[in-house]
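Reader: I have a new model open on my screen and would like to learn how to read it. Could you walk me through it, one feature at a time?

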There are 2 protein chains.
Amino acid sequence: MSDEPVKPRRISPRGIATRARIVESADQLMFVRGVTATSLDDVREASQTSKSQLYHHFADKTALVRAVVAYRGEVILEREQGRLERLKSFSGLVRWRNAVVQANALQNGAYGCGLGAMALELSDKDEQSRSALSATFAQWQKLISDGLRRMQTSGALAETADPDALATGLMAALQGGYLLAKAAHDVTPMEIALDMALSHIKTSLT
Amino acid sequence: MSDEPVKPRRISPRGIATRARIVESADQLMFVRGVTATSLDDVREASQTSKSQLYHHFADKTALVRAVVAYRGEVILEREQGRLERLKSFSGLVRWRNAVVQANALQNGAYGCGLGAMALELSDKDEQSRSALSATFAQWQKLISDGLRRMQTSGALAETADPDALATGLMAALQGGYLLAKAAHDVTPMEIALDMALSHIKTSLT
DNA sequence: AGTCTAGTGGACCATCGAGTCCGCTCAGCG
DNA sequence: CGCTGAGCGGACTCGATGGTCCACTAGACT
């Protein structure tokens, strides 16, 4: 309960690089196998490090998982910001839809959304990870709702529309689409889900 | 590759009961902890059985998991059939929505959809489970699309509407809603998602 | 040069978990 | 009554896994 003792650990560039290697390796492994099914030895091997380094940089597996949650959140938000920050028309939303679908189509949707998968796996196990993931979802939705608000400003979207609710609906369609696509090994359900959400937004166009 | 040798094992009522106890216990545990995080010792203890019984009734953990997948699918389909088989109007769909939301609101959405959770966790690990889950999703969607078709027959829903696509969209909204609700510990996103899907269906009402 | 600590290698430990095995009980059937 | 096999109890094996420990190295600062 020491409330963040401002850990006075000095860090060297080498240490930073090693830590980053560990987190990135863990991120990849946990993405394809899941968190629980990824062992620290897997991470050690993939990152070309040793056991002591893992425990030098992270208190335990939970701490590493939290670092992965944060890292993945950053990566996704950065990617989505690039895709959404200039969004200001319905056709832009369609382009975003196409990009997301195309990326997921590569493996017939075998890999879903890394954020959604972690949310389902960790929500009941680690409250801290859960709230971090929830915050990332909120930021992601804000990227969308901000775009919708720009559409309102430009007059493309009706003033009566609720950008936050529309963004939540779109995110749910996206996550549900990811899930059904993964289960079916087919991106079609994801396309249908996103098209439904877009169609719903369309009814609020001016 | 012996292609189902029609195992000639005789079964007694007692054996059936024990097997059922094991599957039900495993189902509950895997629902709250996840499949990987549930050990056979957990199952043994919860079902008041012994190790040898687990391996008497199931070849290995994978076989048990598959039995759980089948069991959970049956339970959910039975429940949903009861809710959906008489569906023939939009207000019936709204009642379904309310029932689903209310059930999930009990724990503030802490527990999601057992089917969706298993789909995400198992899709990459066991192809047989994946296809079974996918089939269950398909049947679930059929319960919905059949209801929508009845609405078409009665003239409530436009002939031009695509019941299968609408059902897929609704299911995606449901699953995405479950996921976001679980991450946020709040059912609101689930309500928004379902309302979006219903609103989308509404546009095809006559 | 000397010191101090972050960084590292890797052996080691304790536990857990999947799966095995053997011997017992119980119920049906001759 | 006694045989047989399903059903059962639980100790045991053994590899995997999270976590510890200690000795060594590199680099920054004096």
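Author: Gladly! Keep in mind that this is a predicted model. Let's begin with the DNA: 21 residues surround DNA strand C, and the closest are Gly15(A), Thr18(A), Ser52(A), Leu40(B) and Asp60(B).

Reader: Which elements give two or more residues to the surface near DNA strand C?

Author: Helix 1 (13–33) and helix 3 (51–57) of chain A do, along with helix 2 (40–47) and helix 3 of chain B. Helix 3 of chain A gives the largest share, 4 residues. By class, this surface splits into 3 nonpolar, 10 polar and 8 charged residues.

Reader: And which residues come nearest to DNA strand D?

Author: Here they are Leu40(A), Asp60(A), Gly15(B), Thr18(B) and Ser52(B), out of 21 residues around that strand. Helix 2 (40–47) and helix 3 of chain A each supply at least two residues, as do helix 1 and helix 3 of chain B. This time the largest share, 4 residues, is from helix 3 of chain B. The classes are 3 nonpolar, 10 polar and 8 charged.

Reader: What rotation superposes chain A on chain B?

Author: A rotation of 180 degrees, with 0.0 Å of shift along its axis, does so with an RMSD of 0.1 Å. That is the relation of a two-fold axis. To find the axis on your screen, look for Gly176(A): of the residues of chain A, its C-alpha comes closest, at 1.9 Å.

Reader: How many residues does each chain bring to the contact?

Author: Chain A brings 40 residues and chain B brings 40 residues. On the chain A side, helix 6 (114–122), helix 7 (127–153), helix 8 (163–184) and helix 9 (188–202) each supply at least two. Helix 8 of chain A has the largest share, 15 residues. That side of chain A consists of 22 nonpolar, 14 polar and 4 charged residues. The copies meet through the same surface, because 100% of the interface residues of chain A are also interface residues in chain B.

Reader: Could we finish with a single helix? Which residues of helix 4 of chain B are buried?

Author: A general idea helps: an α-helix has 3.6 residues a turn, so residues three or four places apart point the same way. In helix 4 of chain B, the buried residues are Leu64(B), Val65(B), Val68(B), Val69(B), Arg72(B) and Gly73(B). Their cover includes helix 1 (13–33), helix 3 (51–57), helix 6 (114–122) and helix 7 (127–153) of chain B. Helix 4 itself (residues 61–84) has 24 residues and reaches 34 Å from its first C-alpha to its last, close to the 34 Å expected at 1.5 Å a residue.

Terms used
Residues are numbered from 1 along each chain as its sequence is written. Chains are lettered from A and ligands numbered from 1 in the order in which they are written. This is a predicted model: local features need pLDDT of at least 70, side-chain atom pairs count only at pLDDT 80 or more; totals for chains, interfaces and linings use all residues. Two residues are in contact if their C-beta atoms, placed from the backbone, lie within 7 Å. Ala, Val, Leu, Ile, Met, Phe, Trp, Tyr, Cys and Pro count as nonpolar, Asp, Glu, Lys and Arg as charged, and the others, Gly among them, as polar. Copies are superposed by least squares on the C-alpha atoms of residues with pLDDT of at least 70 in both. The expected span of a helix is 1.5 Å times one less than its number of residues. A residue is buried if 20 or more other C-beta atoms lie within 10 Å of its own, exposed if 12 or fewer, and partly exposed in between; C-beta atoms are placed from the backbone. A residue is near a molecule or strand if its C-beta atom, placed from the backbone, lies within 6 Å of it.
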